[in-house]
Every structure is written in C-alpha cells, then in structure tokens.
Amino acid sequence: MSFIAKPKVIHPQSPRNKLGLTVRDYEGGMSTLCAGCGHDSVTGAIVQVAFELSIPPHRMAKLSGIGCSSKTPAYFAKQSHGFNTVHGRMPSVASGANAANSDLWYIGVSGDGDSLSIGLGQFCHAIRRNVNMLYIIENNGVYGLTKGQFSASADLGSKAKKGAENQQPPIDPCRMAISMGAGFVARSFSGDKEQLLPLIKAGLSHKGFAVIDVISPCVTFNDHEGSTKSYEYTRQHFHPAIQANYVPPSEELKVQYKAGEAMPVILHDGSQIILRKVAGKYDPTDRASIYSYLEQYQQAGEVITGLLYYDDNLKEMHDLSNIVDQPLSMIDHAELCPGDDALQVLQNVWR
Amino acid sequence: MSAGPSNNDFTVRIANVNGTGSASANALLMKSFFRMGIPVVGKNYFPSNIQGLPTWYEIRVSGKGYMARAGRIDIMLAMNAQTYRKDLADLAPGGYLIYDSTWPRHKLLNRDDVTIIGIPLARMCNDQFATARSRVLMKNVAYVGAVAALLDIDLDVIKASLEKIFAKKPSLLTANHVAFRLGYDYAKQHFDNLLSFKAEPMNATSQHIMIDGNTATGLGAVYAGATVGAWYPLTPSTTVMDTFTSFCERYRIEEETGKAKYCIIQAEDELSAMGMVLGAGWNGARAFTPTSGPGISLMSELLGYGYFTEIPAVIINVQRCGPSTGMPTRTQQADIMACAYASHGDTRHVLLFPSSPEECFYHSVAAFDLAEQLQTPVIILTDLDIGMNDWMIPALKWDDNYRPDRGKSLDAAALEKMESFHRYLDVDDDAIPYRTFPGEHPNGAYFTRGSGHNMYGAYTEDSNEYLEVVDRLRRKWETAKQYVPEPAVDYSDKYKVGIISIGSCDCAVIEARDELLASGKGTNYLRVKAFPFTDRVQEFIDSHDRLYVVEQNRDAQLRSLLMIETDVVAEKLVPLLFYDGLPINARGIIEAINQDLAEGVAA
C-alpha cells in the first residue's frame, strides 16, 4: 500500500458530469491493499461508472462483508454511506437496507471467501429475493488477510503457496447465480477496464440483483499451479510454455482482447489465466444453452467473461411484495399507526 | 390459591390428542367464563408435533383475578387414552374426572378420592354426525356442553359465543349447537348438581380483553410504526410475525393502490434476519425481528455489531426451554444472561422484561423508542407462557398524541448548515452521538464498521482512539438508565423481607404475596422491567436484609445479573428457581419462602 495520500487538487479543465462533479468527487480513502492488487482496479472502475452515470454520491449506499475485497467500499465515494458488515452477512444487511429505502443505489462488494464460503447461504438467498443491487465479487480463489488459505472458488488441484493441493471442486458464483434465478450475471477481469466499465454500468442500472464475478488476482497469495487458472495447466493445454516472469507488484495487469477470443493472462505470481469473451452470437437470455456453453469452456479450462445471463422481466424484492413506491423509512408515523379508535374496535375480537 | 375449589375458583384441564381440533372448543369454554364476567386464564401445554402427541389445555377460573397456573386440577377431561393414567393421577383429591364412557374404563385405574363421571361422547356424536372428521370435532364441542352443565355456565353466553364464532358459517353453527346440547343434556340428566362448586356470574371482565402476548407484541410493533420485519419461523415466537402480518394487511395497505406500507422478509435463518434488521435500522426504518433462544445464539455476532456501531434494532425473544433445542413448546426465562451480554467482546444490551400481554404491547412500543434514543439493539424478553397463552388484561389504550422518538438524528437541513459531521462524536456530553441516514445529504456520509473506529468514524488501531469509543459506550450505558422503564415496586417499611422477580413470574408472585400476607407474612416486592438496572433496584436491595429472587431458570440468571450489576452481597439474594418448563405457580414460591422463614426462626 501507499502511505502518501493523494492531494485533492482538481484541475480546472477536469471533465464534469451532469451534476458538475469530477471523477475525484467519487473517490474515497486511500487503499490499504497490496500495491498492484486487482481489487483497486475494480474500485477505479466503480468510481468511473458512478461519475459517468452522474449518481449523486449521497444517494449511493455501499456495503461489504469482511476480507480484502470488503475493504474496498472505503476507497470509493466518500460522500456515500458505507456499511462494512460482519463476515459473509452483507447480503442480509443490504436486503434490510433496501427494504427500508428502495430509492438509493446499492453497491455490494464482496469476495470469494465472503460470498462463497461463510456467506454462501446469504448470497443465494439475496439472489432469490432479487434485491435491487449491484453485487460484485472480487474473486481471487484465496484468503488474503489470513495468508493464503483456499477459498471455495479455488480450482481443483490448485496449490496453496505452502504447497497443499486443493481437493474440493470450486464453486462458480456465475453458474450458481444463474441457477438461483439472478437476472443479471456477468464475469470479468479486474485488469480489463474496457469490459468491466460497461458491465458495472449495466449492472447498476439493472433493476434487480446483478452479480459480477470479477477475477481479481491476488498479488501476494495467488499460486494456483495445476488449476484452470494456473500457468502449468495453461501451458499444457493451450500455449507453449510461458516463463513465469516476475511482474512487479506495482504494475496493474491490463488486458485487451476481442469478443470470441481467448486471452491468456499472466498473473502476478507467474501463473496464467485464460479469459474468453463470449462470442458475438452468444445469447445471454437463452438459459438452456448457457449451461452447456459455460460447461464446455470450463472443461477446456477457460474462464468465460462477459454478460453471461440477462433477464430484465423479473420482479425485484419490493415489486414481489407489492410495496409502496415511497421509501418505507420516510412514511410519516401518522400513516403507519391505526390510532386509538381502531384499537378499541379491534379489541372486540378479544372479548 | 386456596386449599380447595370453590365457586369461581377452580381449574379445568382438558387432556386431548394434538391435531383433533380441540383448540376452538377449549377457547369456547374459556371465553364462556370470561363472558360471564369471571376472570379466567388459559394455559396450553402442547407438543412439538403436528398431529398425534398428547396436548393439554388448562383453564383457571379465578374470581380474584389470578393469572398464574393454579398448580391444582379440579376437573380433568380425560379425552386421551395415552395419558389417561397420568391425567387421573394429576387430579387433585376431591376432584372430578370426566371420561368418554363409550368405551369401558380399566377397573385398575381408579382413585377413591375423586369422582368419576362417564359420558358417552363418541357414541352420541357417532349417532348424530355422518363424517369421521365431524364426529371427532363435534366430540370436543360435546365435552364443552358437559362441563357447561356441570358448572352451570350461562346458556345464553354459549349461544352468543357460538353465533359469534360461526357468524359466517350458519351450517356449522347448527351442528355445533347440536353437539353442545348432546353433552349438556346428558350431563344435566345424569349428573345435575353433582359438583361442589360452580361458575357464578360476576362483573369483573367488562374492561378487559383476552389476548396472548405475541399478538400484543405484534400489535405494538404496528403502533410503534415498524415498517420492516425480518424473521425466521421459530416456536414460540412465530405468531408475533403472524399477527404483525395480519394487522399490517388490515391497517397498512394503501387504499388507492393496494400497495403495502411495510416489508416483511422471511429470512433464510436468524443471522440473516438480524442482518436485515440492522440494515433497515441503519437506513432509517423501524425494524424488528421476533425469535427465541436458538435465534439469539445465531444473532449474537450481529448483536455485537449493532452494539459497537450503534444501530437501533428491536429483537423480541419469546423464551422457551433450553439449552440447545430443549423443549420448544415449554416455557422458561433462561436467556437472561445470553441476551444481556450477547456477542464476543465487551457488549451489553438494553433488555425489557414484560410481565403480561399488556406490557408486551406497551414495551413493544417503548423498545422502538429506546432503540432509537440510545442507538442500540433492544431485546424484549417475553416467554412462551406470556407469548402463547391467553391472558386476561385491561383493555389496551393508545395515546393518539404519541410521536416516535427518533433519537438524535440530523436531517438534510441540519446537515446543510454543518461544515463537518462525525458519527461518533459525543457533542452533548450524554454519550449519545448524532446519526444520519443514507440519501439525506452529502455532508452526512459516514462509514459504518465493526472494526475499530475512532470518534470521527474512521478506522483505527490506535489504543487511545479505541478507548475513547468503548469508554463512551460504557457511559452511554449509564445514560440508558434514565430512559429505561423503572421497576414496579411495592414497598412498606413494615416488612423486612423482599421479593425480586421478572417477567411472567409476576402473576405467581402477586398471588403468593397475597397468601403470605394472609398468614401474617408481609413482603415487599420489586419487579425489574429493564436492564440496565436503575437506582431504584439498588435502593430496594439496600432496604432489605433478605431478598428472594424468583425466576424461571436453573442457574439463577437474574440473581447473577443483580450480583454483577449492583452492589450486593451474594448471601442476601436467595434464589427461588422454577424451571420444569411449565408456567410458574404461586404454590412453589409460598412453600419456599415459608420454609426459608421457618429456618431463619429456627436458626
């Protein structure tokens, strides 16, 4: 991490959005993550999207759980209320917050440990409730803060930094979200700003639960030899050996590739990930064919990115319960309390 | 509690099989006494089962208005062959056992000191009704008829009750009336004037209602203006949300649009329910969750979060028998300690202890105010006895001038004038900071975190900054004493011994004190209504040399809490503990106090 705060000096020529705000107005506190962490790129993308969408910062609520990923809401939108909940419970807190006030933009940021291990149940049920929010999983397959244990998204056969091999199959949040009925499911890579920005923008604008699984490499603990994300596996299956070059942790990984193409990316530890963008003819609304498409590429050891599933006909939580448009937190007590006359009438049933 | 039954002082217990539809018949019988103007209370002992296991319903008729379990059965309706032996044994000497004489009774099962009354209920109903289901259901109404005849219950009252129940189903009204007469006429014909006591009309119930605590709690949440309810179904708390839902459907639907002014979320578990309540409270809605002991265990992590981050929340714990799954359909007060200090780290929570459905209603409203005034989770501890049994209470009143006390919060106008806002700053020196709601104003933004934070709301690992926050939270606890309800105290300097009790013990303590006084042993009484304990509790303790602490758990949890939180020597507090899962009765309290006083005299 850097320990020198960026001075807030706004250039007079800085572009301004519809609210007259600059992109700097959407920034937050200084990141305390490792230099070069993919999560910071996601933060940057959120800042950019919020700026471009001209969201009034105070109309945005940002929530997270516990873990490296969950620290990130502190690093964007300092004029927004933030809620760093306990481990794995952000989906429930977001559900309650959304129940109280449906008229805010909700961004949840979580990680693979937070959403797929300790918080798997809450993640699934928030999807089922179709809470109107953007839910980003910064997925690196590893526990960072506790130094390198496998998470539930670690691939079979992946090796931890200390050498232990993961024997348990990974949970794929995207395929799970599709099966739970999420209306917006996407995957991207933290270093692919070109793809990430429109996905975050679309996810925020989607009415209902929008999941974006962002593969976000851990510069310190990601060491997945033998997995579908690893250097070794990739070398055997797709490309000639790529030497495990040392990538300075201060350099962010950036990629650019076209739709339908596969793109090998060398991670910080030298392992490699192959991203394949969904092809132009891919239909994200055709649920039946999506499963076999994703399965096909998973078998081939590739990670499909892009908007994987989309259905905008689903009712979100408030519509499902037919709740008034006015935020519940703002309804005057006089409208909520039946009063003494009603109480006296009601009590006849108990006489 | 007198030695034996007399007019308007007796108990009827109905032994039945779960799932046979006896609840409405039992309610009919109980309401008949109430509508004759006689105070009455119903206690339901039901199994954790849908159909087949034994169930008992106990109706205590008490002219003096005692609401505790009598601890004595004068009439037993033995309608369940599986429990017949136990039911006969439970009957008080001189009591009456009513059984279905359609089938022969085992000769060996007999007692010389009770009167056996056989009524061929099944045979009469089989002759009268065609379908198997109606025969079973109508047998229940027929036994009500038999009891009504034996106790001289006013027939007009029964008729009016049936008409009220079946106002929309006239065909059922006729059938029920016929069934009632089967039992009534048979008993009149064969056992007229047999009983040594009966029901006599009084005028002691006209200003009262019969209601269970969960209904009253749910109603209180509606009146308090709660808009978000999150929950996971859990006996015995389920009906809190059931009733909240039905009242909302009645009072909270916008006429023009048919849309709801409330949001109820059935969560996937209690952790989630607690998370939702915190999310909604943080966002400015009045939010609550009903639960029971196992739910409190699951919610504990988030309760600590709510305490440390200062988010209002209302939790209703309808206590049941623990530990673990325990006996889900039996009552206890064994979550006092678990709630007082729920969660890891130095945490403490504001608790309310209603003693009846009446206080459930008023405490439910108070809890929402307290939670916002103090910006912290507030737990209401009721129990299965209060929550699920029908109690007679004074009719509820509502002050239409009531406005919710939202505590110290800043709106957009206030924030506009401020240069900076800091969430955890003790501006007014009462240890309660100001809070803001998301969406209100850019100046109001702050970051809520369960990790160490300083008084400005920023992350910290600095010892001094941490201490400033946790020490202020401790001072806020002192402030809380000015807000929570004072204990109920009945004190006279004539008396040297005192009783301290809590929640549903109250009804039994009231009765026990009357009886003790009648035998020349006057006592003083304090019932705690809230935690933290106010100065009144300390004063009461200081004014006595010996205090009986009456509560319904094994480990003397209220006594422990008093020892931790007040200045008292352990020897002064004598534990009187009742924890078999049945609602407390006065007899145990009287016997224990008499014994202790006798030992004191002997010493």
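**Entry 1: two helices of chain B**

I began with a pair of helices, and I note that helix 3 of chain B and helix 6 of chain B are oblique to each other, where angles under 35 degrees count as roughly parallel, over 145 as roughly antiparallel, 65 to 115 as roughly perpendicular and the rest as oblique. I was working on a predicted model, in which local features need pLDDT of at least 70 and side-chain atom pairs count only at pLDDT 80 or more, while totals for chains, interfaces and linings use all residues. Residues are numbered from 1 along each chain as its sequence is written, with chains lettered from A and ligands numbered from 1 in the order in which they are written.

For helix 3 (residues 121-128) and helix 6 (residues 170-191) of chain B I found an angle of about 140° and axes 10 Å apart; axes are lines fitted to C-alpha atoms, for helices over the stretch in contact, and angles run from 0 to 180 degrees between N-to-C directions. The elements themselves are DSSP runs numbered from the N terminus, helices being H or I of at least four residues and strands E of at least two. The crossing of helix 3 and helix 6 of chain B is right-handed, a crossing being left-handed if the near helix is turned anticlockwise from the far one by less than a right angle, and right-handed if clockwise.

I then listed the residues that meet: Leu121(B), Met124(B), Cys125(B) and Gln128(B) from helix 3 of chain B, and Val178(B), Ala179(B), Leu182(B), Gly183(B) and Tyr186(B) from helix 6 of chain B. Contact here requires C-beta atoms, placed from the backbone, to lie within 7 Å.

**Entry 2: the nonpolar cores**

Ala142(B) led me back to these helices, since leaving aside its neighbours within four places in sequence it is in contact with Leu121(B), Met124(B), Cys125(B), Ala179(B), Phe180(B), Leu182(B) and Gly183(B). Ala142(B) is also one of the residues with the most contacts inside the largest nonpolar core, which has 253 residues. Such a core is a set of buried Ala, Val, Leu, Ile, Met, Phe, Trp, Tyr and Cys residues joined through C-beta atoms within 7 Å, and a residue is buried if 20 or more other C-beta atoms lie within 10 Å of its own, exposed if 12 or fewer, and partly exposed in between, with C-beta atoms placed from the backbone. The largest share of this core, 12 residues, is given by helix 4 (residues 132-151) of chain B. Apart from that core I found another, of 9 residues, including Leu33(A) and Tyr143(A).

**Entry 3: a covered strand in chain A**

In strand 4 (residues 133-139) of chain A, 7 of its 7 residues are buried. Met133(A), Tyr135(A), Ile137(A) and Asn139(A) point one way, and Leu134(A), Ile136(A) and Glu138(A) the other way. I looked at its partners next: 5 bridges join strand 3 (residues 105-111) of chain A to strand 4 in parallel, and 7 bridges join strand 4 to strand 8 (residues 209-215) of chain A, also in parallel; strands pair if DSSP finds at least two bridges between them. Ile136(A) stands opposite Val109(A) and also opposite Ile212(A) in strand 8.

**Entry 4: where the chains meet**

The contact between the chains takes 48 residues from chain A and 57 residues from chain B. On the side of chain A that touches chain B, I traced the largest share, 8 residues, to helix 3 of chain A. This helix 3 (residues 90-100) packs with helix 9 (residues 270-282) of chain B at an angle of about 45°, their axes being 6 Å apart, which makes the two oblique. Helix 3 of chain A passes helix 9 of chain B in a right-handed crossing.

**Entry 5: sheets of chain B and one residue**

One open sheet of chain B has 6 strands in the order 2-3-1-4-5-6, with mixed pairing, and its edge strands are strand 2 (40-45) and strand 6 (115-119). Within chain B, strand 1 (residues 9-17) and strand 4 (residues 73-78) pair in the parallel sense over 4 bridges, and Arg13(B) has Met76(B) as its bridge partner. Another open sheet has 7 strands in the order 9-8-10-11-13-12-19 (chain B), again with mixed pairing.

I ended with Ile379(B), which sits in strand 13 (residues 377-383) of chain B and is buried, because 26 other C-beta atoms lie within 10 Å. Its C-alpha atom is separated by 6.8 Å from that of Asn317(B), 62 residues apart along the chain.

Technical notes:
Contact = placed C-beta atoms within 7 Å.
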